[in-house]
Amino acid sequence: QLLSEPERQYIFDSVQDAVRIDGRQCLAYRQAALRLDLLCYATASAQVSLGETDVLVSVREEDNPGATAQQQGSTGSVVAAAQQQQPVSHPVSVWVDCSCLGSGPEQQQLADEAQAHLSSLYRCLRTPTPVFVDILLLGYDGDLLDAASIAASAALMRALPASLLSAQALPLFATVHRIGSQQIVDANQLEESCSMARVTVGVDSNGRLVACQTCGEGSLQFESMTEMIETGVRKAMMLHDSVAKLVARVL
Amino acid sequence: KKHLTMQSAPDDEELDSLSIRLVGLDENYPVRLNWNDLGVQFSKQSIVVPGDRLTRSREFIPGHGTLRRTVEAGSGNASFAAGRRQKQNDDNAEDNDEDDEDEDEEGAWELAASVAGRQHVVNKLLCVLPGRSRYAGEIGDVVVGRVQEVASRRWRIDANARLQATLHLSGVLLPGEDLRRKSEEDERAMRAVLAEGDLVSAEVQSVQADGSLVLHTRNARYGRLGQGTLVRVPPALIKRSKTHFHSLPCGVTLVLGMNGYCWCGPTPGQSDVREPLASPADRSEVARVRACVRLLAVNHVPLYDTSVMQAYEVARESPVALLSRPDEQLRVARLVAEQLLTAEVGEAQPGGGGFGLHSGDLISGGALSAVH
């Protein structure tokens with residue numbers, strides 16, 4: 001994003017002074033809102049708005065992937081039976097669409113990067129049936145990964161009785177950026193463009209670290225990265241509590 | 001070197017900020033200011049959508065946002081029932097000036113709206129002002145722009161208009177004598193004055209034939225903007241006033257560009273040559289002013305120094321981070337709108353023409369929200 005040098009410096013110094021551009025503390029999330037069950041054709045859907053970032057996530061599970069094998073002839077039935085005995089695990093397929101934001105190269109780049117990062121983060125989750133996570137970006141002001149994971153997890157928890165996934169397996173991602181000597185959580189777009197590096201951790205509801213991803217132009221010392229991972233795990237656990245409380249209220 | 005500090009804020013404050021709000025499917029979220037709730041009534045005729053008939057009277061000159069069309073039987077009116085009623089009135093041949101006119105002329109025509117917006121009458125000129133359109137620019141407007149490109153002897157600036165604006169090398173105030181000829185060194189050193197990405201406050205010098213703006217900064221108060229942040233708001237909300245540079249008592253400088261780019265930053269000290277680093281208290285005030293501008297903009301309250309100051313007064317006691325929440329934004333915007341309305345009623349002038357217009361830019365903000 002095109003920013004002037006004084007603006008960049010102002011954001012940097014603001015974070016060092018622990019007064020962010022919107023007045024938040026360094027480790028505070030923005031107000032989040034969750035809406036469930038918007039799409040009737042998806043297994044589950046949720047819309048999460050985190051400040052100006054607005055994502056609509058639709059999660060589709062294939063009901064019975066073994067059915068196609070059974071449709072094969074008698075020679076295939078033996079194979080099909082053998083296949084059903086083995087536990088099949090599928091990766092999560094992620095698609096990100098930024099067309100609501102515009103059709104320029106920046107939006108396309110945002111979508112491509114988000115898809116690559118989320119696919120790589122969701123590699124920690126293997127599902128018995130193929131799961132497709134489609135993300136529509138309705139507004140963007142930073143922290144897309146966290147918002148998308150909240151929406152996907154809330155949607156899946158809602159559909160749990162019908163879903164084959166277990167509640168424990170669903171990861172929530174928390175992104176920690178490092179600006180100067182401070183770490184911040186839930187960065188907006190301006191802060192993301194000033195950040196040196198980010199660490200995104202995926203944590204399941206038991207507090208187990210299941211995914212870890214780093215990205216950015218700067219380099220991190222080992223101690224800094226460890227501290228960022230610890231912060232990320234702590235924040236992800238808080239997110240798990242909030243989402244679980246909400247879904248429990250709905251059910 | 002500062003070591004990584006964990007925030008001294010109590011954990012429960014962070015927990016509160018992590019509470020996710022559940023929104024029902026039928027619920028309207030986020031809730032924005034509804035001007036009808038404040039008692040602002042818009043006459044049905046003042047807000048129009050494309051196709052609405054404005055007038056049949058010949059005395060009005062069509063302005064922007066209107067189109068002339070011939071009237072055929074049963075067509076041309078957005079409301080089918082009203083059209084039929086009109087036809088019945090014509091058939092009944094009541095004593096009506098308009099009907100007499102129509103009967104006289106073969107090709108009866110009418111003025112209709114071509115955009116969605118508010119009707120505006122100036123003497124005989126009738127136009128429709130759209131609620132949200134690109135900033136067009138007028139001579140003398142103060143705008144805030146971002147340098148996109150450094151070209152030969154000029155800068156290309158993004159001023160939120162349809163085309164990029166131009167700032168000529170001859171249009172900037174260079175240090176040194178006022179009237180010196182621009183030399184080759186000046187041309188090569190353009191990036192030292194304004195580089196790509198820099199924010200600059202400038203005045204519109206002229207509007208070219210294609211609609212692009214030519215800017216100038218030949219005044220000490222214009223020029224490159226230093227420490228601070230940019231807030232983007234709809235241009236229609238910025239109320240035109242004598243000055244757009246406001247030095248607020250809390251130590252924040254606010255520049256409300258007519259193009260919708262508003263800039264807030266700490267007020268630099270008087271005697272310093274180099275800008276001093278702002279203190280955390282200053283940053284907090286800047287964040288508060290920025291939050292006030294944003295909350296007024298999303299609730300369609302017109303932006304000028306009075307409204308921003310009132311929002312600041314109302315929001316002074318709450319923590320700044322709270323001002324990003326939609327319910328708090330609504331609360332503050334509502335209070336500000338009520339205060340502005342009571343002040344406006346004291347100064348209101350009677351509406352113009354037979355179209356039920358209200359005076360005051362305050363209503364334009366409400367009209368903007370109604371059109372939305």
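Between chain A and chain B, 51 residues of the former are in contact with 49 residues of the latter, contact being heavy atoms within 4.5 Å. This is a predicted model, where local features need pLDDT of at least 70 and side-chain atom pairs count only at pLDDT 80 or more, while totals for chains, interfaces and linings use all residues. Residues are numbered from 1 along each chain as its sequence is written, chains are lettered from A and ligands numbered from 1 in the order in which they are written, and side-chain values use heavy atoms, with hydrogens and water left out.

Putting the two chains together buries about 4300 Å², and carbon and sulfur atoms supply 57% of that; buried area here is the accessible area (1.4 Å probe) that two parts lose on being put together, summed over both. On the chain A side, A:Tyr10, A:Gln31 and A:Arg35 give up the most area to chain B, together 17% of what that side buries.

As for polar links, 11 residue pairs are in polar contact between chain A and chain B, with both residues at pLDDT 80 or more. A polar contact is a pair of N or O atoms within 3.5 Å; within protein, one must be able to donate a hydrogen and the other to accept it, and residues adjacent in sequence count only if both atoms are side-chain atoms. The interface also holds three salt bridges, each a side-chain nitrogen of Lys or Arg within 4 Å of a carboxyl oxygen of Asp or Glu. A:Glu52 forms a salt bridge with B:Arg294, and the closest N and O atoms sit 3.1 Å apart.

The elements of chain A giving two or more residues to the side that touches chain B are helix 1 (5-16), strand 1 (32-36), strand 8 (182-185) and helix 7 (222-250). Helices (H or I, at least four residues) and strands (E, at least two) are DSSP runs, numbered from the N terminus. Helix 7 of chain A gives the most, with 12 residues. By residue type, that side of chain A splits into 22 nonpolar, 13 polar and 16 charged; Ala, Val, Leu, Ile, Met, Phe, Trp, Tyr, Cys and Pro count as nonpolar, Asp, Glu, Lys and Arg as charged, and the others, Gly among them, as polar.

Strand pairing also crosses between the chains: strand 1 of chain A runs parallel to strand 1 (residues 20-23) of chain B, joined by four bridges. Two strands pair if DSSP finds at least two bridges between them. Here A:Ala33 has B:Arg21 as its bridge partner.

Within chain B, an open sheet of four strands follows the order 2-7-8-4, with mixed pairing. Strand 2 (47-48) and strand 4 (61-62) of chain B are at the edges with a single partner strand each, so one side of each has no neighbour in the sheet. Strand 2 runs antiparallel to strand 7 (residues 117-122) of chain B through two bridges, and B:Ile47 is bridged to B:Arg118.

Two loop residues round things off. B:His244 lies between strand 15 (229-232) and strand 16 (245-248) of chain B and counts as buried at 6% relative accessibility (buried means under 20% relative accessible area, exposed over 50%, partly exposed in between; 1.4 Å probe, protein chains only). A polar atom of the B:His244 side chain lies 2.8 Å from the backbone oxygen of B:Leu256. A:Ser89, between helix 3 (74-85) and strand 4 (90-97) of chain A, is partly exposed at 39%. The side chains of A:Ser89 and A:Arg126 share a polar contact of 3.2 Å.
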